Amino acid sequence: MKSAGGRLLAGLELDRAAAQPLHQQLYAQLRTQILTGSMPSGTRLPSTRTLVTELGVSRITVVSAFEQLTAEGFLRSRAGDGTYVDTLWSDAAPQRPMSRPPLSERGAATSSRGTDLFSEAPHAWAPAETESFVASQVASSAFPAATWKRLLGRHAGRTDPLAIGYSDPHGHRPLREAIADYVNDVRGLGCTADQVIVTSGAQQAFNVLAVLLLDAGDPVVVEDPGHISGRLAFQSQGCPLRGVPVDGEGAAVPDDSDDAAPARLACLTPARQHPLGIAMSPARRAEWIAWAQRNGSWIVEDDCDSELRYRGKLFPTLFGLDLSRQVITVGSFSKVLAPSIRLGYCVLPEDLVKPFASASSVIGRPPATVLQMALTDFLSEGHLHAHLRRTRRLYAARQDALLEAIDHQLGHRIEAAPVDAGLHVMGWLREPVDDIEVARGLAAGGVYTYPLGEYRLTRQLPPALLIGFAGTAEEHMPRAVGRMAAAWDRWELATAVS
Ligand SMILES: Cc1ncc(COP(=O)(O)O)c(C=O)c1O
């Protein structure tokens with residue numbers, strides 16, 4: 001009969017300072033020795049008394065660990081003859097830590113494509129208000145916290161089946177109705193509540209659409225430069241991207257005379273091209289609808305922040321212009337309210353609603369019902385409209401303050417023009433330097449912006465930074481831009497020296 005004796009004891013190391021209780025440490029270490037084959041089946045363990053003495057622990061510690069291992073089939077006691085390693089686990093092939101397969105090709109590609117925004121907690125790369133230039137940052141101080149708390153509280157204590165059970169895969173019905181009213185009012189979509197599905201933000205909508213509408217290898221048209229959310233979802237589905245340039249009328253329509261097979265889907269930001277801020281002209285909208293019809297393609301209309309408009313009128317959505325039911329609109333509450341609540345929606349042609357809801361449930365089930373209920377009241381009681389009115393005024397003032405501060409302190413480095421909508425201006429660099437390097441240099445100095453380079457596919461564009469204005473209070477703007485100017489000087493000095 002083998003005895004674990006000294007070898008077992010030498011392999012045990014208990015840490016008295018660790019948060020994990022000693023009996024759990026002992027249990028875990030003995031289990032590892034059995035699973036890795038260090039203690040094969042039939043090995044006799046030292047007596048409880050020996051372990052107590054050698055390890056300097058209490059009897060209850062050893063007994064607890066042994067009892068758990070026995071209950072899980074790792075150990076077996078023979079009356080009057082001690083404790084042995086059972087055959088149940090130890091006769092299986094010993095487990096080596098690295099015998100598992102690698103990530104799938106698609107998994108590796110998907111998980112490595114995103115920027116820090118997709119892989120790191122924001123505090124690692126972006127400071128909070130009141131001095132942030134991150135383009136997706138909203139004014140957290142303007143968040144209607146008291147109202148939101150009240151509405152959440154109204155539903156958080158409910159115990160009826162609607163509040164507690166699995167929720168409707170299409171989304172909470174009253175929220176679908178409130179969203180339909182909202183998008184018909186603000187964006188003239190002309191949809192019914194039946195066509196609205198509630199999602200966990202736009203990102204989930206893009207992923208579900210990628211699964212639902214695309215096979216690996218199907219070409220997808222994206223704007224170049226363009227927003228990364230949709231692009232990443234379509235790439236993850238194994239679809240090659242075809243970038244189209246953006247001119248003064250919005251994204252250019254692909255040339256049909258190309259020999260290449262037509263793209264299966266185009267993802268566009270017609271209301272306000274992201275990141276350049278151009279509104280697609282009515283003529284270009286008509287061309288895109290004609291393109292979709294000619295080629296039998298889908299158009300995904302990413303309409304995630306067009307409500308934040310400071311001047312000028314919005315053109316109608318592609319969805320509202322499309323009679324052939326090939327356009328799908330995706331919207332989000334991330335910028336009009338807060339990205340943390342993870343609520344968005346997808347407006348679909350009727351025949352896509354059920355397949356979308358089913359696919360969406362397979363991928364991740366709908367957002368938390370209590371959030372959906374609170375948002376329903378937030379919309380139907382008029383709080384969103386009031387919040388939009390307030391934030392439009394606030395952001396317009398912050399934009400003016402940013403442009404003025406850039407003019408005074410950074411005019412020699414960047415040129416920035418006012419935007420009609422959205423949360424950022426484009427800061428075009430006056431020198432032909434790599435914008436990704438500049439953004440990294442500024443980040444090293446604690447100043448965070450997005451470089452245009454991260455939105456670019458292949459097209460060569462002048463270097464630029466997306467500079468968000470919503471996250472910096474008007475009165476802090478000169479100081480914040482001063483910090484950017486100083487970080488820039490430091491980075492330039494450091495790169496000149498190295
Ligand atoms: C154009 C655009 N698309 C997509 C998104 C992503 O939205 P969400 O946070 O709902 O995933 C955003 C962010 O607000 C956006 O501005």
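Welcome to this structure: a good place to start is tyrosine 310, which sits in the loop between strand S8 (298-302) and helix H14 (318-321). The model you are looking at is predicted. Its protein chain has 498 residues, and 49% of them count as buried. The points below move from that tyrosine to the whole chain, the ligand, one helix and some backbone details.

**Tyrosine 310**

- Because its relative accessibility is 16%, and buried means under 20%, tyrosine 310 counts as buried.
- Tyrosine 310 and alanine 396 lie 86 residues apart in sequence, yet their C-alpha atoms are 6.3 Å apart in space.

**The chain as a whole**

- The secondary structure of the protein chain is made up of 19 helices and 14 strands.
- Taken along the principal axes, the box filled by the C-alpha atoms is roughly 90 × 60 × 55 Å.

**Around the ligand**

- There are 13 residues around the ligand, and the ones that come nearest are Ala202, Asp302, Ser332, Ser334 and Lys335.
- Sorted by class, this shell holds 3 nonpolar, 7 polar and 3 charged residues.
- Which helix gives the most to the shell around the ligand? It is helix H11 (residues 201-213), with 4 residues.
- A polar backbone atom of alanine 202 is 2.7 Å from an oxygen atom of the ligand.
- For glutamine 203, a backbone N or O atom lies 2.9 Å from a ligand oxygen atom.
- Arginine 342 takes part through its side chain, where an N or O atom is 3.0 Å from an oxygen atom of the ligand.
- On its own the ligand has 400 Å² of accessible area, and the protein covers 92% of it.

**Arginine 342 and arginine 365**

- Arginine 342, met above beside the ligand, is found in the loop between strand S9 (327-332) and strand S10 (344-347).
- Its phi is positive, about 50°, although arginine 342 is not a glycine.
- Arginine 342 counts as partly exposed because its relative accessibility is 32%, which falls between the 20% and 50% cut-offs.
- Arginine 365 is another residue other than glycine with a positive phi, in this case near 55°.
- You will find arginine 365 in the loop between helix H15 (350-363) and helix H16 (369-380).
- With 40% relative accessibility, arginine 365 counts as partly exposed.

**Two cis peptide bonds**

- Aspartate 224 and proline 225 are joined by a cis peptide bond, with omega about 5°.
- Proline 225 belongs to the loop between strand S4 (220-224) and helix H12 (228-236).
- Histidine 274 and proline 275 are also joined by a cis peptide bond, and here omega is about 20°.
- The loop that holds proline 275 runs between strand S7 (265-268) and helix H13 (282-295).

**Helix H4 and its two sides**

- Helix H4 (residues 59-71) consists of 13 residues and reaches 18 Å from its first C-alpha to its last, close to the 18 Å expected at 1.5 Å a residue.
- Which residues of H4 are buried? They are Thr61, Val62, Ala65, Phe66 and Leu69.
- These buried residues are on the same side of H4, because they cover an arc of only 125° around the axis.
- As background, an α-helix has 3.6 residues a turn, so residues three or four places apart point the same way.
- Exposed residues Arg59, Ile60, Glu67 and Ala71 are carried on the face of H4 turned away from its buried side.

**Leucine 348**

- Leucine 348 has its place in the loop between S10 and H15.
- Is leucine 348 buried or exposed? At 0% relative accessibility, leucine 348 counts as buried.
- Leucine 348 and aspartate 247 are 101 residues apart in sequence, and 28 Å separate them from C-alpha to C-alpha.

**Glutamate 437**

- Glutamate 437 is part of helix H18 (residues 435-444).
- Its relative accessibility of 35% is why glutamate 437 counts as partly exposed.
- The side chains of glutamate 437 and arginine 440 are joined by a polar contact of 3.0 Å.
- Glutamate 437 and tryptophan 491 are 54 residues apart in sequence, while their C-alpha atoms are 9.7 Å apart in space.

Methods:
Residues are numbered from 1 along each chain as its sequence is written. This is a predicted model: local features need pLDDT of at least 70, side-chain atom pairs count only at pLDDT 80 or more; totals for chains, interfaces and linings use all residues. Side-chain values use heavy atoms; hydrogens and water are left out. A residue is near a molecule or strand if one of its heavy atoms lies within 4 Å of it. A polar contact is a pair of N or O atoms within 3.5 Å; within protein, one must be able to donate a hydrogen and the other to accept it, and residues adjacent in sequence count only if both atoms are side-chain atoms. Accessible areas come from the Shrake-Rupley method with a 1.4 Å probe; for residues, only the protein chains shown count as cover. Ala, Val, Leu, Ile, Met, Phe, Trp, Tyr, Cys and Pro count as nonpolar, Asp, Glu, Lys and Arg as charged, and the others, Gly among them, as polar. The expected span of a helix is 1.5 Å times one less than its number of residues. Buried means under 20% relative accessible area, exposed over 50%, partly exposed in between (1.4 Å probe, protein chains only). The arc is that of the directions from the helix axis to the C-beta atoms.
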